[in-house]
Amino acid sequence: MNDADVSKQIQQMVRFIRQEAEEKANEISVSAEEEFNIEKLQLVEADKKKIRQEYERKEKQVDVRKKIEYSMQLNASRLKVLQAQDDVVNKMKESAAKELLNVSRDHHVYKNLLKDLVIQSLLRLKEPSVLLRCRKEDLNLVEDVLDSAAKEYAEKANVHVPEIVVDKDVYLPPAPSHHNPHDLHCSGGVVLASHDGKIVFENTLDARLDVVFRNKLPHIRKQLFGQVAV
């Protein structure tokens with residue numbers, strides 16, 4: 001083999017090496033580009049996930065706000081209905097209170113009523129000695145029925161006649177008037193207490209009216225409005 005042939009073979013070998021090197025370089029470049037694209041794609045997916053999570057979070061917030069607003073509107077509507085019902089019931093109560101006041105002005109009827117209220121109070125307290133308070137304007141009527149009320153109680157309860165002390169220093173508020181409609185008032189009745197003050201029974205006409213209306217309020221509402229308020 002002469003020098004020309006050797007030189008030719010060396011040139012071919014060099015070309016082959018260069019070609020192989022270029023192919024390897026291209027493979028590395030493609031591989032690097034693919035890795036770069038994969039990382040880029042992962043970043044894009046991560047950004048998309050964050051955006052989706054943020055959207056879902058805001059969507060939930062909007063949903064919660066809508067529920068709160070709806071609940072507030074519903075409660076406001078219920079309150080308006082209840083207020084309207086209470087207004088009607090309060091007018092009925094005011095009318096009933098006026099009727100009670102008329103009862104207390106009829107001395108014969110009211111005197112018998114006071115006796116019944118005293119007996120009922122004694123039966124509730126079941127104390128041998130009690131303190132009684134009434135309105136100042138009712139003092140004479142109360143004193144008139146006190147003895148007979150105490151004896152009737154004793155017969156019903158099968159006990160000794162109790163000692164009833166009428167408080168003449170402190171009285172219940174007077175009857176309501178047009179001049180002082182917002183002042184403390186009492187339509188009539190009595191308040192009895194044990195002497196140690198531990199047991200007190202308010203048996204006034206106003207207290208009885210409150211109890212009647214409180215117990216009958218759901219029934220009244222149902223009759224007037226066709227439903228029991230929630």
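## The hairpin of strands 3 and 4

In this predicted model, strand 3, which covers residues 189-194, pairs with strand 4, residues 200-204, in the antiparallel sense, and the two are joined over five bridges. Among the individual pairs, A193 has V200 of strand 4 as its bridge partner, while L192 has F201 of strand 4 in the corresponding role.

Between the two strands of this hairpin lie five residues, and in the hairpin G197 takes a positive phi near 75°.

## The sheet as a whole

Strands 3 and 4 belong to an open sheet of four strands, arranged in the order 2-1-3-4 with mixed pairing. Strand 2 (163-166) and strand 4 stand at the edges, and because each has a single partner strand, one side of each is left without a neighbour in the sheet. From one strand to the next, the twist averages 25°.

## Helices against the sheet

Which strands does helix 2 touch as it packs on the sheet? Helix 2, residues 107-125, touches strand 1 (129-133), strand 2, strand 3 and strand 4, and its direction makes about 25° with that of strand 3.

Helix 3, which spans residues 139-157, lies across strand 1, strand 2 and strand 3, and it runs at about 175° to strand 2.

Terms used. Residues are numbered from 1 along each chain as its sequence is written. This is a predicted model: local features need pLDDT of at least 70, side-chain atom pairs count only at pLDDT 80 or more; totals for chains, interfaces and linings use all residues. Side-chain values use heavy atoms; hydrogens and water are left out. Two strands pair if DSSP finds at least two bridges between them. Axes are lines fitted to C-alpha atoms, for helices over the stretch in contact, and angles run from 0 to 180 degrees between N-to-C directions. Contact means heavy atoms within 4.5 Å.
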